[in-house]
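Hi everyone, thanks for coming along. I'd like to walk you through a structure that may be new to you, so please have it open on your screens as we go.

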Amino acid sequence: MKRLIPILLVVLMTASVMFTGCANKGGTDFELALITDGASISDKGYNQSAWNGLKAYAEENSVTCRYYQPPLDENGELTKETIAKYIDVAVNNGAKYIVLPGESFAVSAYETAPTYKDVKFILLDAQPHSADDPTLRIQSNVMCVSYDYYQGGFLAGYVSVTEGLKDGEKVIREYNTKLGVLGSAYNEKSTKYTEGYMAGVNYAADEIGVPVTVDYALYNADNLNYDYDFTVEPVYVDISEAKEKTFKVTVVDGLGTGVYTEGENVTISAVTAPEGKVFDHWEVKSDTEGVRDKKVNISSKKESSMNLLVGDCDCTITAVWTDVETVPVEVKTDGAEAVVYNAPKNSDCWIEAPAAMPGYVFFEWKTADERVIEDKYSKGTTVHVGESGVQLYPVYVKSEAPTFTVSVKNGTGSGSYVAGDNVKVVADAPPEGKMFLKWENIDSQGLSTGISMDNEYCYHAEFEMVDRCASIVEKMFDDGAEVVFAGGNEISDSIYTAAHEFDYPVFCFGWGIDEGPKGCCLASVVNDYETGVKAALENYQGASFINCNCSRNGIFVTDKSLEQYTTDKKGNKVENASYSEGYAALYKKLADGEDLKGGKTSLVTVNYWIK
């Protein structure tokens, strides 16, 4: 989701920056500065954690601090040009140390930091690199704070097994023994998290002596053995099965022919106008003896798409055309017959690109005169027609995002789609003696895909394409997975999308920040930016890394304490409800640097979703 973009111009940013200061000892300079990634310091995420560390260090050492919240561009991105301007503002306001949280600042740490040799930069959870090469480029005045993704994954895998499921004090299951992992084939961070997770699962299974099964999918692997495509099909039933009175509607030169129950509201639409014609009006006729034509209750005779309230009689509704000078608007695609729209001269015509082939997505429209196209990057757009015809060519490109192939049986709407696409399906007129009941969608495993139609009981319907990555996880949950992990993945939110589809308890294991507010989250393994900032400020050394791992308590699992006892409000020593002896012992071993990688265990079975 894009963050809100400040309206004030960048040239006024020195007046519009959001900031706060620690105690300013009589001067105007702020020695420590944090530049956020565009979000606020109350985001309950990385920015807030980094600010807490900066502020705590400043208060402990009696120095001044301030944060800056730069604006995002129209695409919701933080540009390196904006970062450079804010670094300059921070330096002019006295910054001696500047904290940059996350990968958004990696290129700026490489390109901009060398300009300010006397300023010390701290880059969190990233490393300096050029815009076109992710290779580390060490800078003399940049210290990097890294996090041990392997250790984080290890903790997540261990807790995924040992946490079980509780309802208050009642234990529903002692352990989780059916898990899932959604990884990436091309992401180093995801690879390390996943390796650690599997090692943690192995460690837990050996410790408790319980068999564990793991479904393992690399969502962007070329040979992932999972079929994401699905079929949408209208369900027709015998008219005799209808419990209410039915009426037959026949639409000539339009859509909507069928048998409907009394009181249904049916959309009737004219087909594309023939050459030299334009829609003029609807002609309605009662087909039931003794019932007058005016009993056919339509919402408009003049609108090419209108509603019919079914009742009183069978009827025939005919689109009536009138003569007009038209010109062809041709939509041409390779290997397919052109789609022709006949538009009146000097008018506007709405067109839509045909659905893409599998693995491809619409990119733009090409034509001899692009001025005729209102929006060349929109699949559906208005074309301004003059005195002569127009030829348009939709351009499709290989999709970077996962795609679905939707097959519509006995209807239209088949094609290749990506998550977020709006899909329109229209059922064919039912066979003689049948009536449309509803739409059915089934994937290759015979399961419902989880798509949500605007009206599954209407012969024409629309739905937003589901997240393909979520469908992988849905299959894992369908197969019995109790917890799924997707650490390090840019598509990790897909696991939550999937989990929300189920009415029985399934869980996700979060990573990076506390993802508990997303719901369906068993726990999260957190990279603590607060600890990282303080450690870097206390031990600053340019051109170096500081590893914020378990030895520094820089990684932790939410709601898991290392302390067996705590103090209540009265100051009494009491048992800590969040303490886990096994977790605490494992954490100490990781912090002490013990080699816990180990090998496979006979207690863990991995179902690899690759061929």
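Sorted by class, the lining of the second largest cavity has seven nonpolar residues, two polar ones and one charged one. Keep in mind as we look around that this is a predicted model. The cavity itself has a volume of about 40 Å³, and the structure holds three cavities of 30 Å³ or more. Which residues line this second largest cavity? They are Val 249, Lys 295, Val 296, Asn 297, Leu 308, Leu 309, Val 310, Gly 311, Cys 313 and Cys 315.

Two cysteines are in that list, Cys 313 and Cys 315. How many disulfides does a search of the whole structure find? The result is zero. For Cys 313, the nearest cysteine sulfur belongs to Cys 315 and is 5.6 Å away. A disulfide would need the two sulfur atoms within 2.5 Å, so a pair 5.6 Å apart does not count as one. Is Cys 313 buried or exposed? Cys 313 counts as buried because its relative accessibility is 3%, and the cut-off for buried is under 20%. Cys 349 also counts as buried, at 9% relative accessibility.

Let's stay with Cys 313 for a moment and meet one of its contacts. Phe 247 sits in strand 11, which runs over residues 246-252. Leaving out residues up to four places away in sequence, Phe 247 touches Gly 258, Val 259, Tyr 260, Glu 262, Val 310, Gly 311, Asp 312, Cys 313 and Asp 314. Take Asp 312 from that list: 65 residues separate Phe 247 and Asp 312 in sequence, yet their C-alpha atoms are 8.0 Å apart in space. With a relative accessible area of 5%, Phe 247 is buried.

Now let's zoom out to the whole chain. There are 611 residues, and buried residues make up 48% of them. The chain has ten helices and 38 strands. Its C-alpha trace spans about 90 × 60 × 50 Å along the principal axes. What about contacts across the sequence? Among contacts with a separation of 6 or more, 64% are between residues 24 or more positions apart.

On to the pockets. The largest pocket holds about 2100 Å³ of space. Its lining counts 48 residues, and those nearest its centre are Tyr 46, Glu 103, Asp 125, Lys 189 and Trp 511. The elements that give two or more residues to this lining are helix 2 (46-61), helix 5 (149-162), helix 6 (188-208), strand 32 (507-512) and strand 34 (544-547). Which element gives the largest share of the lining? That is helix 6, with three residues. By class, the lining of the largest pocket divides into 16 nonpolar, 15 polar and 17 charged residues.

The second largest pocket has a volume of about 1600 Å³. It is lined by 44 residues, with Thr 272, Tyr 341, Trp 350, Glu 352 and Lys 424 nearest its centre. Several strands supply at least two lining residues each, including strand 20 (339-344), strand 21 (347-352) and strand 28 (422-427). Here the lining divides into 24 nonpolar, 13 polar and seven charged residues.

Let me finish with a few places to click on. We met helix 2 at the largest pocket, and Asn 47 lies in that helix. Asn 47 counts as buried, at 1% relative accessibility. Its side chain is joined to that of Asp 43 by a polar contact of 2.8 Å. Apart from residues up to four places away in sequence, Asn 47 touches Leu 34, Thr 36, Asp 37, Ala 39, Ser 40, Ile 41 and Pro 101.

Next, find Lys 178 in strand 8, residues 178-183. Is this lysine buried or exposed? Lys 178 is buried, because its relative accessible area is 15%. The side chains of Lys 178 and Asp 215 are joined by a polar contact of 3.0 Å. Beyond its sequence neighbours up to four places away, Lys 178 touches residues including Thr 213, Asp 479, Glu 482 and Val 483.

Last stop, helix 9, residues 529-538. At its start, a side-chain oxygen of Asp 528 reaches to within 3.1 Å of the backbone nitrogen of Glu 530. Further along the helix, the buried residues include Val 533, Ala 536 and Leu 537. Thanks for listening!

How values were computed: Residues are numbered from 1 along each chain as its sequence is written. This is a predicted model: local features need pLDDT of at least 70, side-chain atom pairs count only at pLDDT 80 or more; totals for chains, interfaces and linings use all residues. Side-chain values use heavy atoms; hydrogens and water are left out. Buried means under 20% relative accessible area, exposed over 50%, partly exposed in between (1.4 Å probe, protein chains only). Helices (H or I, at least four residues) and strands (E, at least two) are DSSP runs, numbered from the N terminus. A polar contact is a pair of N or O atoms within 3.5 Å; within protein, one must be able to donate a hydrogen and the other to accept it, and residues adjacent in sequence count only if both atoms are side-chain atoms. On a 1 Å grid over the protein atoms alone, a cavity is a set of points where a 1.4 Å probe fits but cannot get out, and a pocket is an open set with protein on both sides within 12 Å along at least five of seven lines; lining residues have an atom within 4 Å of a point. Grid points are joined across faces, edges and corners, and a volume is the space filled by probe spheres set on the points. Ala, Val, Leu, Ile, Met, Phe, Trp, Tyr, Cys and Pro count as nonpolar, Asp, Glu, Lys and Arg as charged, and the others, Gly among them, as polar. Contact means heavy atoms within 4.5 Å.
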